[in-house]
Amino acid sequence: MTYVIVGNGIAALRAAEAIRARDAEGTIKLITDEAYPVYSRPLTSYLVAGWVTDERMPVRDTGHYDKLRVDLVLGRKAIAVDAEAKIVTLEGGEQVSYDKLLLATGAAPKPTDIGGAHLSGVHGLRTWDDSREILERLQKTQHAVVIGGGFVGMSTARALLSRGIQVTVVVSSNRVLSMMLPLEAADLVRRRVEDKGMKISTGTDVVEILGDDASGVTGVKLQGGETIKCELVIVGKGVNPRLDLAKSAGLDIGDAIWTDSLMRTSNSDIYAAGDCVESFDHLRNQRRSAAIWPNAAHQGRVAGANMAGARHGAEGFFGMNALDFSGLSLIAGGITLGGEGYEVLREQGESANGNPWFRQIVFDGDKLVGFVLVGEIKRAGILTGLIRKQVSCRSFAETMLSPGFDMMKLPVQLRKQMLATVNPLAAQFSA
Amino acid sequence: MDACMTGALIKEDSGKVEYYTDKCVGCWMCIMACPYGVITPIPEQKKIAKCDLCPHLDTPACVTHCPTAALVYSDTDPSLLHEPIAITDDIEDEPVFIEG
């Protein structure tokens with residue numbers, strides 16, 4: 001049995017591990033166009049900040065692939081898939097046959113059509129190589145402009161600020177982290193980062209990147225005509241899933257590769273996992289992309305197990321994220337902003353350390369579908385679990401609004417149920 | 001362990017979730033993920049803390065000290081130690097996509 005995996009992110013790694021756990025004999029080939037062993041994509045901004053160095057980037061020890069007996073093909077791009085003949089073609093012409101194929105090709109920063117984006121000093125931040133290029137550019141950078149106030153933009157701005165660089169974040173919407181945070185929460189973040197010296201410009205866009213071929217970028221021009229001097233521009237305006245191979249294989253594609261709950265594509269010998277995938281969002285009852293690290297890990301694990309003969313169903317997937325800005329932490333997940341048909345509850349206060357806190361929970365009828373926690377993030381995962389399992393929990397919603405929310409606020413039967421999934425003895429003990 | 005972005009939290013074959021503090025950067029993704037809420041942030045260190053089952057003791061300290069046997073350290077069915085994933089015996093042989 002030959003398993004071929006295209007990709008080298010966390011989905012690809014977890015799939016390889018899951019396959020080997022079930023199939024001691026099969027051949028596992030992993031093909032990636034990057035030259036590195038699987039590394040932490042989220043750590044790329046930490047590398048820019050200098051909070052980690054290169055040795056911390058890999059998520060497994062060297063020799064891990066050898067232990068798994070994975071044939072690694074590094075630095076080679078897969079360019080086509082013949083789903084009939086079950087062959088993957090690499091750049092250069094080499095052909096690789098498969099019995100089962102996993103596409104874990106991830107995503108790439110959306111190309112930008114802003115004039116001047118070709119100048120040196122203009123970067124996205126997605127790959128380890130991106131971090132390295134940015135670090136090189138830092139040597140001649142005093143001012144940086146970050147285009148986009150989303151997760152990548154704000155993480156990168158945070159990293160650059162910590163280097164003592166003057167950072168301006170240019171945000172189209174009225175607030176930072178607009179996909180995740182309501183205005184009140186976003187403004188808590190804004191105030192904290194502005195206190196630390198970051199400049200945030202909301203409600204505007206970069207219309208042109210200025211500079212010349214000799215020095216690279218020297219500034220940007222905003223919608224209203226103002227210019228900001230800078231030697232580095234980071235473009236954080238979203239990513240597109242990488243679909244070339246899926247298209248080549250003739251797979252069904254929406255915004256990304258369609259997968260069922262076994263992570264199969266429309267071709268039952270081809271699986272897909274990670275940022276290239278549209279999975280089932282059980283909160284919205286639709287196919288949707290939820291391209292975050294934990295989902296990629298889970299999907300990879302399920303895909304790998306099923307490629308090797310299991311029949312595991314992946315759970316529904318939703319977005320969530322955690323961030324920290326100079327001690328102001330935030331964790332948000334699910335349908336965070338509410339909207340038509342949803343009930344939103346919220347509470348704010350001040351912590352013992354003087355930090356403001358804000359909590360918002362979103363209900364769809366009886367079921368929790370989203371939460372935003374700023375300032376007090378302890379035990380956030382309990383809320384994630386309630387969303388994931390679609391627990392009817394409106395009856396104790398008010399307890400979730402307090403930073404002291406913990407397992408003891410759950411009704412005893414629910415707690416027993418949760419514990420019984422890992423320890424049948426739990427059911428025997430009374431509360 | 002799915003959420004950890006540095007490889008600091010890994011579920012060993014024994015079922016125990018091991019924490020490698022050197023790899024941790026204090027990103028709080030594990031706090032976001034743990035459905036039991038048992039991961040504690042240590043903001044001053046940018047690290048987390050979680051129960052390690054007292055590897056240096058025969059029996060975890062909390063169990064030894066509990067005067068009412070409310071805390072019980074027991075072996076459980078090993079097959080339950082790895083996250084139960086919905087078994088879908090009734091899944092079609094061919095992929096079925098939800099309209100949406």
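**Close-up views of two cavities and a strand**

**View 1. The lining of the second largest cavity is a mixed one: three nonpolar, two polar and two charged residues.** Here Ala, Val, Leu, Ile, Met, Phe, Trp, Tyr, Cys and Pro count as nonpolar, Asp, Glu, Lys and Arg as charged, and the others, Gly among them, as polar. This is a predicted model, in which local features need pLDDT of at least 70, side-chain atom pairs need 80 or more, and totals for chains, interfaces and linings use all residues. Residues are numbered from 1 along each chain as written, chains are lettered from A and ligands numbered from 1 in written order, and side-chain values use heavy atoms, without hydrogens or water. Among the lining residues are A:Glu34, A:Arg41 and A:Trp293. A cavity is a set of points, on a 1 Å grid over the protein atoms alone, where a 1.4 Å probe fits but cannot get out; lining residues have an atom within 4 Å of a point.

**View 2. The largest cavity has a volume of about 90 Å³.** Its lining includes B:Cys4, B:Tyr19, B:Trp28 and B:Ile48. Ten lining residues are nonpolar, two are polar and none is charged.

**View 3. Strand β11 (residues 166–170) of chain A is largely enclosed by the rest of the structure, because four of its five residues are buried (under 20% relative accessible area, 1.4 Å probe, protein chains only).** Strands are DSSP runs of E with at least two residues, numbered from the N terminus, and two of them pair if DSSP finds at least two bridges between them. β11(A) pairs in the parallel sense with β10(A) over five bridges and with β12(A) over three. A:His143 stands opposite A:Gln166, while A:Val170 stands opposite A:Ser201.

Conventions
Buried means under 20% relative accessible area, exposed over 50%, partly exposed in between (1.4 Å probe, protein chains only). On a 1 Å grid over the protein atoms alone, a cavity is a set of points where a 1.4 Å probe fits but cannot get out, and a pocket is an open set with protein on both sides within 12 Å along at least five of seven lines; lining residues have an atom within 4 Å of a point. Grid points are joined across faces, edges and corners, and a volume is the space filled by probe spheres set on the points.
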